[in-house]
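Dear colleague,

Here is the structure I said I would pass on to you. Please look through it first, and then read my notes underneath.

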Amino acid sequence: MTSERIESSQEYNDAARRATGGRLRTAGIILGVGLGGFFDGIVLHQLLQWHHMLTSAGFPPTSVENLQINTLWDGLFHSLTWVLTTVGIFLLWRAYAAGERPASAVALVGLLLIGWGLFNVVEGLLNHYLLGIHHVRDDVGEGTARQLWDAGFLLWGAAMILAGWLLSRRPVSGR
């Protein structure tokens, strides 16, 4: 490879990296937070039914009344994730309208992973540890198993943040 081509490739990678900044970075991360929240609510709350928003806050799913309270709070949670997803899409549209482009599809996926990981870490610390309103697995009783699921959720979030950061910074391998 000639030095001219190497220099040109480096300039292209630098330009692509800059293009993944600013509005686009914010849009991708917020969209990732919203999509991560949707995954949590749909998969963990509804499909697997491991927990609901308030299952450890005095409303275990042992009565119709408690399930109604949890369904309302799950709905409020889903409303928030819908707003975040909508804001992320709007910001992504604005970034594209302003001429910003991701360095690659992989870089955009990286931003989404950062957002999803941030969702897991913030939601895990806030709801599982600080407020204690639910845990990843409220169906395993109290003790070590529940603590391991909560810790795993945080580690999964941290791993997504790291993987997303690495992917969002990955050099472009061609034009």
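**What was found**

The protein chain has five helices and zero strands, where helices (H or I, at least four residues) and strands (E, at least two) are DSSP runs numbered from the N terminus, and along the sequence the pattern reads α-α-α-α-α. Please bear in mind that this is a predicted model, in which local features need pLDDT of at least 70 and side-chain atom pairs count only at pLDDT 80 or more, while totals for chains, interfaces and linings use all residues. Residues are numbered from 1 along each chain as its sequence is written, and side-chain values use heavy atoms, with hydrogens and water left out.

Of the 175 residues, 38% count as buried (under 20% relative accessible area, with exposed over 50% and partly exposed in between; 1.4 Å probe, protein chains only).

The largest nonpolar core (a set of buried Ala, Val, Leu, Ile, Met, Phe, Trp, Tyr and Cys residues joined through side-chain atoms within 4.5 Å) has nine residues, including Leu 24, Leu 92 and Ile 114. Helices α2 (22–47), α3 (64–97) and α4 (105–130) each supply at least two residues of this core, and α2 gives the most, with four. A second, separate core of six residues includes Val 33, Met 53, Phe 77 and Ile 133.

Thr 85 lies in helix α3 and counts as buried, because its relative accessibility is 10%. Leaving aside residues up to four places away in sequence, Thr 85 touches Leu 31, Gly 34, Leu 35 and Phe 38, contact meaning heavy atoms within 4.5 Å.

With best wishes
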